[in-house]
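Subject: The model we talked about

Hi,

Here is the structure I promised to pass on. Please have a look at it first, and then read my notes below.

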Number of protein chains: 2
Amino acid sequence: MSEGFFLKGNICHTPSLGSLVIAEDSYLLCMDGRCEGIFSEIPAQYAEYPVKDTGGCLIIPGLVDMHIHAPQFSYRGLGMDCELLEWLYKYAYPEESKYADLSYADKAYGIFAKTLAATATTRAVVFATVHREATLRLMDIMEKTGMVSCIGKVNMDRDAPDGLRETDADSAAADTLAFVTQALERGYRNTYPIITPRFIPSCTDTLLQKISEIRKRFDLPVQSHLSENPDEVEMVRKLVPEAAFYGDAYDRVGLFGGDSRTVMAHCIYSTEEEIALMKQNGVWVAHCPDCNMNVSSGIAPIRRYLGKGLRVGLGTDVAGGHTESMFRAVTAAIQVSKLYWRLVNQGSEPLSFPESLYLATKGGGSFFGQVGSFEDGYEFDAVVLDDSVLPHPQPLTVQERLERAFYLGLDRNGIRSKYVRGNQIFR
Amino acid sequence: MSEGFFLKGNICHTPSLGSLVIAEDSYLLCMDGRCEGIFSEIPAQYAEYPVKDTGGCLIIPGLVDMHIHAPQFSYRGLGMDCELLEWLYKYAYPEESKYADLSYADKAYGIFAKTLAATATTRAVVFATVHREATLRLMDIMEKTGMVSCIGKVNMDRDAPDGLRETDADSAAADTLAFVTQALERGYRNTYPIITPRFIPSCTDTLLQKISEIRKRFDLPVQSHLSENPDEVEMVRKLVPEAAFYGDAYDRVGLFGGDSRTVMAHCIYSTEEEIALMKQNGVWVAHCPDCNMNVSSGIAPIRRYLGKGLRVGLGTDVAGGHTESMFRAVTAAIQVSKLYWRLVNQGSEPLSFPESLYLATKGGGSFFGQVGSFEDGYEFDAVVLDDSVLPHPQPLTVQERLERAFYLGLDRNGIRSKYVRGNQIFR
């Protein structure tokens, strides 16, 4: 793309937390894959650029899923009858074991990628499994969708079933190095490797140190889980007694922000010290409200994190979360914030719709750079929503149409087109 | 219908709380609108009956929505930024005012009925507005769908905005009598009037007494709201100081179960006394988890109610609830029960999927008689679900397919047909 074009419609975005900026019946300029202005009329100097008129559709930034497990996609919506640690052994690990079989991986990841491509998600931070080859296949498949993703081969060298537990730290690190090298060699345009220790219970200190070195050598980002469940937090305390708190077990080996761009899923039970370190190191929080309900984990204190200036995005966390819909993540985050207010702390104001939308776009988007907003210079990731499939008897404002689109799950049947970095990748 | 037919497929139902009975690749016999047996092979004496083969689809009982506001359907998914009492004045009452205009009512109720007919809901207990004519129009429209519903003209003679507040108890009662008489005169087959005091804050004792007399005269059921929000409960305490508790304000005038078949929505803040009276009088609880989140009300202690043997069904409560999907009500009830366990009472075991499905079928169905199960003699309300639209790489059991269908909202795009009282009413 070296030329510009306009997308015309009702342009909605959240340049700052809590603001919802709407430009009705306006023109959004894309130039070389980036946003270059919102105009009520086409400026004379751009008169030759083509206009894609959406016919009054809603135009929103692409949504950023900060936490999703690709291999678990096959059993989303199943096995919602236990807490995290039991759930891993009963459902997650048996399914993940199957990805040693590349034909199974191709089939399952093909379904995953095809489904995700049809959603409003434009970027995702993705867990694969411990299997290097299958993870590279996932990267091949995701690259073809045109979406942008960070994809990690998972590391786990303790407390995992046979077949998923890596033999030892040395071979696991060697395999991870091979994964990173091969992923980079493939020259993807939109698909990036990410260092992915599953979580502290399943990684020895030695392995963490070794993959931290790989991370540093290639300047890679990091994803993992943090303070999701009380039993898990207690397990970490026993396994790593020298760590002052859960996050410190990552920080001691250089895998908790700072130089490394790091996202941690959940953060429900983070202590004051842990929160302070996340703030200091610029760690992103991936808030996954549906998963936090489904495996009975609790509710993350997102208002508190926002008040402290932490970086926060939203994740679907398939398959602890049952759906890949980021629209649902937006409304679920609002719903649980209301229950948190009611049941836990009435000083914690519920999230508004514009706030939750911010988290799902610019909040998580910042992990990828200038992403998740239509401000000048931001990468042109956009979703066009046709809400004419939802009849209504009364006039609605654009803001009302937008809120309704999210609550009613219009990402299922109302996406007319999707752009990533200025390229139309869907319909 | 005076003949029989078989529906063939994977038959799933919950004859008792917590049980999920599955008859794979079997035949469900419908005779004169009622279930007459599940067979693995067609018995010789029924050999001449036609078989409708669903080709491996899931066959479940029709779902019963125990609480939905038809006039609020037009703004579902909007205005989720306040608590109940503010929400009523800011969103609900302004919209309900519009139904004085019959052309608006026809249009809005037409959309409501058409949408509901395409869901898995077969029966519903419905609030209309104070407007008699518009409510009768709603009954006309719902009757045409073939669904079964109880529909109430709302009563409110205090604490309501001009235009919605009935002038006085006498005229309100006269209007209600006219509504009931006219509704009965129309000779509907599937549509029934129900006495509908909005809630105690909006009804004087005098009006309650008068509509209780109408109820008794015509032996009608009753629907209302109960103990939804702390401010509402406190308001009732001040308005009716002579009532021992909220529910007693209904019971004192004969509108709280006993002789009257009564359903009360929400019941989040019910006291021990109130629970005991609900049990004694056989009052149904309409549990509406999405609404309870959206207007920040809290979580109803459903496990406790079930333990005490109360009658419990599920409601979408559109538009405090944002969606008409009873599939979502089933999964939302499970989700909030997990948060209740985690945040409120770890002695309160979360609802299982079979339990929540029971509430949505036989639990609420009992309000309509022998409804919500495929046991012999039950009315033949059935939904045929085609989950082939959800690809997956691995084999799934019928139970897994069923659970997944609910979590992934297959009611949006997977309903192949729907039967009410043995009549196919959709597709």
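A good place to start is G321(B), which sits in the loop between β14 (311-314) and α11 (326-343) of chain B. Do keep in mind that this is a predicted model. G321(B) is buried, at a relative accessible area of 0%. Leaving aside residues up to four places away in sequence, G321(B) touches D290(B), C291(B), N294(B) and T316(B). With D290(B), the C-alpha atoms are 5.0 Å apart in space, although 31 residues separate the two in sequence.

Next, the domains of chain A. Domain 1 covers 5-61 + 374-426, and domain 2 covers 63-368. Their centres, taken over C-alpha atoms, are 29 Å apart. In the contact, domain 1 of chain A takes part with 30 residues and domain 2 of chain A with 33 residues. Between them the two domains of chain A bury about 2,600 Å², and 62% of that is on carbon and sulfur atoms. Of the area that domain 1 of chain A buries against domain 2 of chain A, L17(A), F406(A) and D411(A) supply 26%, more than any other three residues.

Polar links cross this interface too. The count between domain 1 of chain A and domain 2 of chain A is three salt bridges, and 13 residue pairs are in polar contact across the interface, both residues being at pLDDT 80 or more. On the side of domain 1 of chain A that touches domain 2 of chain A, at least two residues each come from β4 (51-61), β15, α13, β16 (415-420) and β17 (423-426) of chain A. The largest share of that side, six residues, is supplied by α13(A). Sorted by type, the residues on that side of domain 1 of chain A are 18 nonpolar, five polar and seven charged.

Now to the salt bridges, of which the structure holds 58 over all chains. In one of them, the side chains of R123(A) and E379(A) meet at 3.2 Å, N to O.

Another joins K153(A) and E166(A), with the closest N and O atoms 2.6 Å apart. K153(A) lies in the loop between β7 (148-152) and β8 (154-155) of chain A and E166(A) in the loop between β8 and α4 (169-185) of chain A, so this pair ties together parts 13 residues apart in sequence. Are these two residues buried or exposed? K153(A) is buried, with a relative accessible area of 1%, and E166(A) counts as buried at 9%.

D387(A) and R401(A) form a salt bridge as well, their closest N and O atoms being 2.9 Å apart. This pair links distant parts of the chain, 14 residues apart: D387(A) is in the loop between β15 (382-385) and α13 (398-407) of chain A, and R401(A) is in helix α13 of chain A. D387(A) is buried at 8% relative accessible area, and R401(A) is buried at 15%.

In chain B, E234(B) pairs with R237(B) in a salt bridge, with 2.8 Å between the closest N and O atoms. The two are three residues apart in helix α6 (residues 230-239) of chain B, so about one helical turn separates E234(B) from R237(B). E234(B) is partly exposed, with 32% relative accessible area, while R237(B) counts as exposed at 52%. Back in chain A, salt bridges that share partners join R132(A), E133(A), K153(A), E166(A) and D175(A) into one network.

Best wishes

Technical notes:
Residues are numbered from 1 along each chain as its sequence is written. Chains are lettered from A and ligands numbered from 1 in the order in which they are written. This is a predicted model: local features need pLDDT of at least 70, side-chain atom pairs count only at pLDDT 80 or more; totals for chains, interfaces and linings use all residues. Side-chain values use heavy atoms; hydrogens and water are left out. A salt bridge is a side-chain nitrogen of Lys or Arg within 4 Å of a carboxyl oxygen of Asp or Glu. Helices (H or I, at least four residues) and strands (E, at least two) are DSSP runs, numbered from the N terminus. Buried means under 20% relative accessible area, exposed over 50%, partly exposed in between (1.4 Å probe, protein chains only). Contact means heavy atoms within 4.5 Å. Domain bounds come from an automatic or database domain assignment. Buried area is the accessible area (1.4 Å probe) that two parts lose on being put together, summed over both. A polar contact is a pair of N or O atoms within 3.5 Å; within protein, one must be able to donate a hydrogen and the other to accept it, and residues adjacent in sequence count only if both atoms are side-chain atoms. Ala, Val, Leu, Ile, Met, Phe, Trp, Tyr, Cys and Pro count as nonpolar, Asp, Glu, Lys and Arg as charged, and the others, Gly among them, as polar.
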